[in-house]
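Work through these exercises with the structure open beside you. Try each task before reading its solution.

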Amino acid sequence: EAVALAPGAWLRPGFAGGEVPSLLAAVLAVAEAAPFRHLVTPGGATMSVAMTNCGSLGWISDRRGYRYEQVDPLTSRRWPAMPERFLQLARRAADASGFPGFAPDACLINRYGPGSKLSLHQDRDELDLDAPIVSVSLGLPAVFMFGGQARGACASRHRLQSGDVVVWGGVSRLAFHGIAPLAAGAHGLTGEFRYNLTFRKVMSEP
Ligand code: MD3
Ligand code: FE
């Protein structure tokens, strides 16, 4: 059932399959309060992926850098609360992958339209690097690139489909990864979009 992509990285095809409609409804409710927006990188480029967040912290980028913030700079309000069904899904996936008790405090929500991509990067703005990241794919499929521990070559490619969940922990937590430009398509629930949820534990417990 689970596919080991790399040490500590578990792909669970269809793990969230039955929950896709309710997860999408929750995403759209979050986006009512904290709209999707195209962030600007420190280098001044506008990202092709649109993003929002829920939870006590949200990831943002601007000319000053990448960081987590308690307040959404677009609305000047706290990010919407993490829906209970998000927390439970993330914990269930982490439990099944050998990371018991996962308690994410941030959920970054990415929205990909036709041609949107995410270049190879590491996720290292979190203070707790012992906790995994749990990702959930919704809507159109995408090609995920996994680059290993160095930026250089792309070590492998995998197709991520709606309802797939991946848990990234252990040595894979700091692996380089990215998403190839989204192929145009039409999904019954998300239309021209792909959504991805990434659950993160930013703050380490005292
Ligand atoms: C491997 N998102 O939001 S999810 C991101 O599909 C991000 O939107 C992609 O990369 C997306 O930062 C990929 C898969 C993923 C997420 C986090 C990881 C893979 C990861 C962290 C470490 C290693
Ligand atoms: Fe990432």
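**Exercise 1. Strand pairing**

In which sense do β3 and strand β8 pair, and over how many bridges?

Solution. This is a predicted model.
- Step 1. Find β8 at residues 106–112. β3 pairs with β8 in the antiparallel sense.
- Step 2. Count the bridges: there are 6 between β3 and β8.
- Step 3. Check one pair. Alanine 50 has arginine 111 in β8 as its bridge partner.

**Exercise 2. The sheet**

Give the order of the strands in the open sheet, then explain why one side of β1 and of β3 has no neighbour there.

Solution.
- Step 1. Follow the 7 strands across: β1-β2-β13-β10-β15-β8-β3. The pairing is antiparallel.
- Step 2. Look at the edges. β1 (3–6) and β3 (50–55) stand there. Each has a single partner strand, so one side of each lacks a neighbour in the sheet.
- Step 3. Add the twist. From one strand to the next, it averages 20°.

**Exercise 3. Helices on the sheet**

Which strands does helix α1 touch, and which does helix α2 lie across?

Solution.
- Step 1. Take α1, residues 20–33. Helix α1 packs on the sheet and touches β3, β8, β10 and β15. Its direction makes about 100° with that of β10.
- Step 2. Take α2, residues 84–96. Helix α2 lies across β2, β8, β10, β13 and β15. It runs at about 120° to β10.

**Exercise 4. Two histidines**

Decide for histidine 121 and for histidine 177: buried or exposed?

Solution.
- Step 1. Start from the record. An unreviewed UniProt entry lists His121, Asp123 and His177 under "binding site". They spread over 57 residues of sequence, yet cluster in space, with a largest C-alpha distance of 8.8 Å.
- Step 2. Place the histidines. Histidine 121 lies in strand β9. Histidine 177 lies in strand β14.
- Step 3. Apply the cut-offs. Histidine 121 has 12 other C-beta atoms within 10 Å, so it is exposed, as 12 or fewer is the limit. Histidine 177 has 24 such neighbours inside 10 Å, so it is buried; that class begins at 20.
- Step 4. List contacts beyond four places in sequence. Histidine 121 is in contact with Phe176 and Gly178. Histidine 177 touches Leu120, Phe144, Met145, Phe146 and Gly147.

**Exercise 5. Around ligand 1**

Which residues come nearest to ligand 1?

Solution.
- Step 1. Of 15 residues around the ligand, the nearest are Asn110, Ser135, Trp168, His177 and Asn196.
- Step 2. Name the elements giving two or more residues to this shell: β8, β10, β13, β14 and β15.
- Step 3. Sort by class. The shell has 7 nonpolar, 6 polar and 2 charged residues.

Conventions. Residues are numbered from 1 along each chain as its sequence is written. Chains are lettered from A and ligands numbered from 1 in the order in which they are written. This is a predicted model: local features need pLDDT of at least 70, side-chain atom pairs count only at pLDDT 80 or more; totals for chains, interfaces and linings use all residues. UniProt positions are given in the numbering used here, feature names are shortened, and annotations may be inferred rather than shown by experiment. Helices (H or I, at least four residues) and strands (E, at least two) are DSSP runs, numbered from the N terminus. Two residues are in contact if their C-beta atoms, placed from the backbone, lie within 7 Å. Two strands pair if DSSP finds at least two bridges between them. Axes are lines fitted to C-alpha atoms, for helices over the stretch in contact, and angles run from 0 to 180 degrees between N-to-C directions. A residue is near a molecule or strand if its C-beta atom, placed from the backbone, lies within 6 Å of it. Ala, Val, Leu, Ile, Met, Phe, Trp, Tyr, Cys and Pro count as nonpolar, Asp, Glu, Lys and Arg as charged, and the others, Gly among them, as polar.
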